[in-house]
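Me: I would like a close look at a single part of this model, the interface of chain D and chain A. Please also set it beside the interface of chain C and chain D, and say what cavities turn up.

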Amino acid sequence: MTSVLILNLAWQISTLALVALGLAIVFGKLRIMNMAHGEFVMIGAYAPVITSSLGLPGWLQLPVCLLTVAFVAFILERVVIRHLYGRMFDSLLATWGIAILLREAVELIFGRGYQSVSPPISGTLSVLGSDYPAYRIAVIIGIIIGFAALYWWNARSKVATRIKAMVGNPDLAEAIGINTARLSAGAFIFGCCTAGLAGLILAPTIRIEPMMGLDYLIRSFFALVVGGLGSLEGLGIGAGIIAGTQSFLGAVVSQTYGYLAVLTLSILFLWLKPDGIRSSSR
Amino acid sequence: MLKSTTKLLASAAMALTLGTVSATADIKVGVLVPDSGPAGLFGPSTRNSAKLAAEKINASGGINGEQIELVFADVGVPPAEATQAALRLWKGEGAQAFVGMHDSAVREALIGRFGGQVPYVYTPVYEGNSCADGLYITGETPSQQLAPVIPHLAEKEGVSKWYLIGHDYNWPRDTNALAKGYIADAGGEVVGEEYVPFTVAEFDSSLQRIKESGADAVLITLVGGGSVGFNVSFAGFGLDERAIRLGTLIEENTLAGIGADNADRLFSSSGYFASIETEGAASFAADYSAAYGADAPALNGLGQSAYEGLMLLAALANKAGSLDVAAMDAAAEGTTWTTPRGDNTLTGHHMAQTIYLADGSGGAFNIVASFDNVASSEACSN
Amino acid sequence: MTALLEIDTLTGGYRDTNVLFDVSAHIEAGSVLGVFGRNGVGKTTLARLVQGGLHPVHGDIRLNGRSVGDLPAHARRGQGIGYMPQTSMVFDDLTVRENLTLGNAREETETYFDRFPRLAERLDQPAGTMSGGERKILAFVRTMIEDTQVIILDEPSEGVQPENIDHMAECLKERALAGAGILLCEQNLSFLTGVSNWFLGLDAGRVVLNKLASEVPASELRSILSL
Amino acid sequence: MASVLLPVSLLLAVLLLIPELFGDFTAYQIGLYLIYGIAAQGIGFLWGKTGVLPLGQALFFGVAAYITAITLRAEGGLVLDLALAAGVLVIMAVFAFALAALIFRGRNESGPYFSLITLALVMIAEQIAGTATNLTGGFNGMSGFQSLGNLDPFGGFYYVIVTATVAVSLLLFILNRLPVNLIARAVANNEPRLQLLGFPTHAVKGAVFAFSAVIAALAGGLFASHQGIVTPTSTGFALSAEMVILAAVGGRFHVLGPLIGAVIVGWASAELRDSFPYWELLMAVAFILVVLKAPGGIAELLESAYRRFRPVGTTVPKPAIVAPKPRNGVAKSRLQFDDVKLSIGFVRILNGVSFETPATGIVSVIGPNGAGKTSALNTITGNLRLTSGSISLGDTRIDSRPPHMALGVGIGRKLQVPSVFFSMSVSENLSIAMMANRAGLIDLFRPTTFQWRSKPLADLLEHPSVPLQEELVQPVEHLPQGHRQFLEYAMTIAAEPPVLLLDEPCAGLSPDETGLMTDLVRDYQADTGGLVIVIEHDMSIVEAISDKVLVLHLGQVLAFDTFDKVRSNPDVQVVYAGGTK
């Protein structure tokens, strides 16, 4: 167990948790099986491409990313998603169509070719006795802080409870004064924005092209179901198991076995612990 | 018995469709390009190159005196759908010959469906050893890309410890099987070999293994996005300072995705680069930008291969005096023709060609070496 | 003088079928309107039309003289119309405490815990694990403690043990005394007659009786309810 | 039967005309679409009825295609090929059934988990197919074999595909008119209720999944033979998703829907691909529109258009047939609780409950809210698992059995909140109930089973005050709550269980309706001489019907005696005064 292996694990787990966070909200909370989740990651990753093609300064990447994603998510929620709450499989089909739509739209604007983004921090740092990219270390720390803040906020705000109430019993939620249309739209847009943010953060370390979304979608789904839908701790555990298995087996055996093990593990969890590892009873 | 009857029926049906088409007095050539799917990136440059070739062929008299007309089909889809698209051109539109730039699964499917009844030129880089009646190949095979290049790099860059990484399928495995021999011959050793699934987008554990192996050279047979992701991370981890990289499918688009920051000492071996400065290549590049403008899809080895393919088809058909497969097969061996890649010869249905080695440092390919008339060891034994 | 809540020639129902036809009624502040009728005459439909879960085909609902008929349900709750549904009346996935605190509470729950001590014992338990009667009680208490002027209750006594029905009746009377207007749909006649000041009898979606409670003999109620 | 033969012969005629009218190549194209369409028909059947959405159907399609390829390569002759094909279908069926039945065991859902499992399986299959080069040819695929019976894929083989298409469609049309169709739909509608009617729903889902897998495998075999090559994409995720889309766009609720979807989508994408660069965009928009505006797909649009010209004729109900006797396991037995304890999480619900009922008569269960009354019934039917203790009916121990076995030992159950098959009509609800505890496997495939009627049910329906007779063709969705109470009661007694558990049957009923319900219950007990256990709050009802009264309080038995003794019991008076409506 070298220090690089540990850092790799930390990187994989934290980035998967970040990527899956939006899906945890949209699928875990709103029960929309968002097959276009990866495409929001993709749009986020294009934000630096947008700013540089418009000649905007680098610090605008974040606002441009969030505004673009929020705008797209807002329109889609209004036109499509709104009609699909409570229709899980229909949401899967429609968002599959949306995913194609978004890919084609990005292709239309930026072309099909690969884009490249330079990291804001370059070079490597010596951590625990081995060299590791400085940008990745910054990202790992940032994600840990971000999740801690989210956890703190989530524990204090009633929003998570209100969403849970709305999804479990929308009529009653309306009856006690929850504006379900606004709440669900807000949650959907927020979820998509975190996906976009993940794309922006990962952009300097990955390939960027219109088809890149699928890579992130499936892993996010499996991380969610393994951890159990609907809690931040579950998301962390699920990301840990999925990314950890892939990363560890990838390092000690081979990537192919790591990939097959992740799928097998997912099947076992879905079969034996459908409510995720967090649930002990029921 | 049954078989011969159906064959008779099929050829009768074909004769019928051909009869209706020949009224236009043109020869239709089906060009199979990927417009959809992962290789869709290469669709536009492939189409453009093919059109240039057709103009060139028609300007110099066409095929056996007849003008050619290109008909395109999208084959960037699974083999069943790609076959349908090709068959539509053949049976529906009366195409009499095919040039294809697509993956190997589609090629195998097409070989089965064409059944040697129509000439078919396959043009992209591939693993070699595909042989069938009427099938002619212009794409580089592993032996062509590696046999001269590995000893050259061993000598010039002083590398000896090779790490082989590729996607988990036929082409990388076949390439590496050959590479091992060339590396041993050059006095080097293989310090690691690894294959990753298409679905894996994270390469840190592979990079860690490369680092631990002490490799000073990495042979990359990852394709498309995987190659971009790998190379971005490779440089991110600072491995570009420790080892050179050699890719056999890293063309201009892939290099753009990898980015200038991440391309130090990244070599690519191919029969064509947009930056080749020979006279033929320069005039082709000039024609291309004249025809399609400065913003045209970037030239690259895969797209340009369609040009090679059409030129071979014309040269071969003119030599054979017809588009009949038997006649073409008989005339094939030793056919020579000249293209932007240089002087080519058909041997064993494969194309002996010039191989270029380019260095991608700084984000653009600089040709650092070229090897003339490299024949393929994975050609057919006629 | 306008009533607290006016229901004006209300017609409506589910997507393709109207259930209720030209129903008019009113609720004064401090009174309980008891809605009764056999199964299927439109009591639940009336409750949902007033609450906003269903939208009227025509007719209007006015709260303090202002029309609320076009408002969505959450906005009507914002205007002060509370509602306890007949089925799915609690959030099963939320704890008892969350069920009670999610809406805007008007007052402390302590007084209600004295009457329904079981709720206090189960505050941290998911509501879905409680028995049917307990869930009714939870929903009832939740509806009572909200800061509402009008309270709509659809069969609150169903599956509730008799002592607790008596407690419910006390709560309703207190809430009415404090100025609320209550619309109560009930099948339990002794409960209904015990708390209502005014009766609204429905049959086949139409009003067949709309009178001060004291003017309606028990036999008349029974005849409307008979099969 | 005419309504089956008409669409099927129309389908046959259209398919046979295609080569004549449009030529061999079009037939070849249509042949491929039909192959996908057949697999999608299987998906439509599974998804449209049971609500289970398979996301990995290419697993069966692809594996069958590979096995077919290997078989055809071996050139063992037509007979051997066909025998092997039959063997493959059987293996697929067994595998699919075992997979689904195992996963759905003890789980009342058709939600996303199973779908994701099938997705993961197909991804594993695709990965293995792509890398096990020695076995499958790897990425480049397995080729170099003749089609089945050496038929020309541009000629004779088209007729093989047509035969398969027509045969599968015919089979599906026939299944749609059989009782088994009702059972499959009931799974999606209300699984817990179907279990209480004695149907092992996990096995039902397993069987329908296996059926869809066999259809997919059949299509896969045809595919290999038609294409002459099998590649990993044939067992891939993308193809699986595509098949689902074909079923959704074409219409999953109609037999021909997926076929229509396959031909339209296949044709449109082939046409558009080469003429319109943004064809995928167009397809995506069309697809989203279908999901939003026509969830039933093209078939539903076509059907509703057709219905405008030819409205559904009113079918004359066939004469009733006397239903066979129910298979009641235990007759006239005492129900015995022995120190039953039940906890859920940290909450103790039953805390050592022991009692023994008489073998016949009516036992009322009373007690404060939350005393554990409903939970006690749930332990009897197996909806809740005991923490400790035991429950027996006569000499048979019945706890820790799944709910679908309760009716088999003679226990019928009406739930607290009326639980019926909501999107079905009243008569369909009753038909399912009539099959409960009566129908053998073969009866599910006999149309005459629909005509079954038993005397208790007929008497109930003919009772002038029971509201169901006029509502037979109505969907249950819009029935008022009280009428659903009567419907669920009717469904529960249809199986004539000797032990009847009724959870607040009079809740939500008017006083007159309450009187009617209590009369019905009393009559049922008198007719069958069995045991009825009723949870009730209204003391006047309890007094009127009870032979014995069980008082539960805080998960324990406070008293178990005759009504008068219970009422005068001071312990009971402290916790439960009682009252009447």
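Reply: What follows takes the interface of chain D and chain A, then a cavity lined from both of these chains, then the other parts you asked about.

The model is predicted, and everything below is computed from it. Of the five pairs of chains in contact, chains A and D are the pair that shares the most contacts. On the chain D side 36 residues take part, and on the chain A side 38 residues. The area buried between chain D and chain A comes to about 3,400 Å². Carbon and sulfur atoms give 81% of that area. Within chain D's part of it, three residues stand out: Tyr113(D), Leu116(D) and Leu292(D) supply 17% of the area that chain D buries against chain A, more than any other three residues.

Polar and charged links can be listed briefly. The rule finds one salt bridge across the interface of chain D and chain A. Its partners are Asp90(A) and Arg252(D), whose side chains meet at 3.9 Å, N to O. The cut-off for a salt bridge is 4 Å, so a pair at 3.9 Å is counted. Residue pairs in polar contact between chain D and chain A number five, with both residues at pLDDT 80 or more.

Which elements of chain D give two or more residues to the side that touches chain A? They are helix H3 (78–104), helix H4 (112–131), helix H10 (237–250) and helix H12 (279–293) of chain D. H4(D) gives the most, with 11 residues. By residue class, the side of chain D that touches chain A divides into 28 nonpolar, five polar and three charged residues.

H10 of chain D appears again in a cavity. The second largest cavity holds about 90 Å³ of space. From chain A its lining takes Met35(A), Leu92(A), Leu93(A) and Trp96(A). From chain D the lining takes Leu55(D), Phe237(D), Ala241(D), Val244(D) and Ile245(D). Two elements each supply at least two of these residues, namely helix H4 (88–110) of chain A and H10 of chain D. The largest share of this lining, four residues, comes from H10(D). In class the lining residues are nine nonpolar, with no polar and no charged residue among them.

The interface of chain C and chain D makes a useful comparison. Here 31 residues of chain C and 31 residues of chain D take part in the contact. The area buried between chain C and chain D is about 2,400 Å², and carbon and sulfur atoms give 54% of this area. The salt bridge count between chain C and chain D is zero. On the other hand, the rule finds 12 residue pairs in polar contact across this interface, both residues of a pair being at pLDDT 80 or more.

On the side of chain C that touches chain D, at least two residues each come from helix H6 (132–145), helix H7 (162–177), helix H8 (189–195) and helix H9 (218–225) of chain C. H6(C) gives the most to this side, with four residues. The residues here divide into seven nonpolar, 15 polar and nine charged, whereas the side of chain D that touches chain A has 28 nonpolar, five polar and three charged.

Chain C does not reach every other chain. No contact joins chain B and chain C, and the closest C-alpha atoms of these two lie 37 Å apart.

That leaves the other cavities. The count comes to eight cavities of 30 Å³ or more. The largest cavity holds about 110 Å³ of space. Its lining has 16 residues, and those nearest the centre are Ile206(A), Arg207(A), Tyr216(A), Ala201(B) and Gly229(B). Helix H9 (213–227) of chain A and helix H9 (224–236) of chain B are the elements that give two or more residues to this lining. The largest share, four residues, comes from H9(B). By class, the lining of the largest cavity holds seven nonpolar, five polar and four charged residues, while the second largest cavity has nine nonpolar, no polar and no charged.

Conventions: Residues are numbered from 1 along each chain as its sequence is written. Chains are lettered from A and ligands numbered from 1 in the order in which they are written. This is a predicted model: local features need pLDDT of at least 70, side-chain atom pairs count only at pLDDT 80 or more; totals for chains, interfaces and linings use all residues. Side-chain values use heavy atoms; hydrogens and water are left out. Contact means heavy atoms within 4.5 Å. Buried area is the accessible area (1.4 Å probe) that two parts lose on being put together, summed over both. A polar contact is a pair of N or O atoms within 3.5 Å; within protein, one must be able to donate a hydrogen and the other to accept it, and residues adjacent in sequence count only if both atoms are side-chain atoms. Ala, Val, Leu, Ile, Met, Phe, Trp, Tyr, Cys and Pro count as nonpolar, Asp, Glu, Lys and Arg as charged, and the others, Gly among them, as polar. On a 1 Å grid over the protein atoms alone, a cavity is a set of points where a 1.4 Å probe fits but cannot get out, and a pocket is an open set with protein on both sides within 12 Å along at least five of seven lines; lining residues have an atom within 4 Å of a point. Grid points are joined across faces, edges and corners, and a volume is the space filled by probe spheres set on the points.
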